[in-house]
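Q: Please take a close look at one part of this structure, the place where its two domains meet. What lies there, and which parts of the chain supply it?

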Amino acid sequence: MAKKGRVFSGARPTGRQHLGNYLGAIKNYVALQDDYDCVYCIVDLHALTTAEDTRDLRQNTYEMALDWLAAGIRPADSIMFIQSQVPQVTELHLLLSMVTPLGKLTDLPTFKEKVRQQPDNVNYGLVGYPVLMTADIVLYKTDVVPVGVDQAPHIEFAREIVRSFNYRFQTKALIEPQMKNTEVPKVLGIDGKEKMSKSLNNHIELAATPEETRQRVMQMVTDPARIKRTDPGNPDVCNVFSLHKIFSSPEEVAMIDRDCRSAALGCVDCKKLLIKNLNKYFEPFRAKRAEIAQQPDQVWDILHDGAERARALAEQTMQEVREAVQLPV
Ligand code: SF4
């Protein structure tokens, strides 16, 4: 069946993935493969803008790739690769930087936020981050980028850079990517307050063992107003219930909604049901992950093969770009 176009998405190598990564990106990556030619990139160069210690970079890349494969990314259909293994992206980044006003980059709220977070490491790469991101996207003649609402301004900025480049060099070499808004549930960590994140250690890993999953779920904060077992609860403010709505059956969700409010259901039993459903849901993922992990070379081979296919696409674009800029051949 003819595909609807090409999708690109990238994610930093953060190692073993958690429920937030899965629900926010990976699940969608897998689904998009049916309708689009997908290019999925592990953006290790982006990681360097904030990572001072790179000792875990390779291992984190491997673990993330392993999770993507186990979750259902199909390397025969999709291109899955590591950003730094396609050097054309750094070339395009530099050329795009020539049409990107510095003041615009330093005015971006995301840049200002990073300056606040790491005042002692405001490096050049950090300023140029959105330009590198634009290069990532347009290098592969991407039609569509899946984005959540909060990322929409980044894609709009990428479109501006493309327009500036095409106008400046009177070319159509670069395509303005379209946004595909994806409904991404906000996944809170086990603290019930902050977004699920590894750095906050409030996450539940997809590859956790059933016992590790049990321990994490048992630590989850529930309705803070429910002090005693006999107190009625409010599932609408409970993060355990949010996960039930994703991983439990409609009948179970209806039962929890009813019995929590009447105090017929206690939080421990409610959590036990979530643990059962999470472990059941991720059982095939974990089995596949364990199987792939027996041959780590296979994961690297898939990434290298993906990089080769990505380089072929990238080189085609760069030939048009170099021609437009009139770089000597
Ligand atoms: Fe949350 Fe379940 Fe406890 Fe209700 S019973 S407060 S939904 S954990």
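A: What follows goes through the domains, the contact between them and the core found there.

This is a predicted model, in which local features need pLDDT of at least 70 and side-chain atom pairs count only at pLDDT 80 or more, while totals for chains, interfaces and linings use all residues. Residues are numbered from 1 along each chain as its sequence is written, and side-chain values use heavy atoms, with hydrogens and water left out.

The protein is divided into domain 1 (6–187 + 295–325) and domain 2 (210–290), with bounds that come from an automatic or database domain assignment. Their C-alpha centres lie 35 Å apart. Domain 1 puts 13 residues into the contact and domain 2 puts in nine residues; contact means heavy atoms within 4.5 Å.

The size of an interface is often given as the accessible area lost when the parts come together. Between domain 1 and domain 2 the buried area is about 950 Å², and carbon and sulfur atoms give 67% of this. Such an area is what two parts lose on being put together, summed over both, with a 1.4 Å probe.

Two salt bridges are counted between domain 1 and domain 2, a salt bridge being a side-chain nitrogen of Lys or Arg within 4 Å of a carboxyl oxygen of Asp or Glu. Arg-289 forms a salt bridge with Asp-67, and their closest N and O atoms are 2.4 Å apart. On the side of domain 1 that touches domain 2, helix 1 and helix 3 are the elements that give two or more residues. Helix 3 supplies the largest share of that side, six residues. Helices (H or I, at least four residues) are DSSP runs, numbered from the N terminus.

The largest nonpolar core has 50 residues, among which Leu-19, Tyr-40, Trp-68, Met-220, Phe-282 and Val-299 touch the most other members. A nonpolar core is a set of buried Ala, Val, Leu, Ile, Met, Phe, Trp, Tyr and Cys residues joined through side-chain atoms within 4.5 Å, where buried means under 20% relative accessible area with a 1.4 Å probe, protein chains only. Helix 12 gives the largest share of this core, eight residues. Domain 1 and domain 2 both give residues to this core, so it lies between them.

Val-299 touches Tyr-62, Ala-65, Leu-66, Leu-69 and Ile-292, leaving aside residues up to four places away in sequence. A second, separate core of 42 residues includes Phe-111, Val-138, Ala-173 and Val-325.
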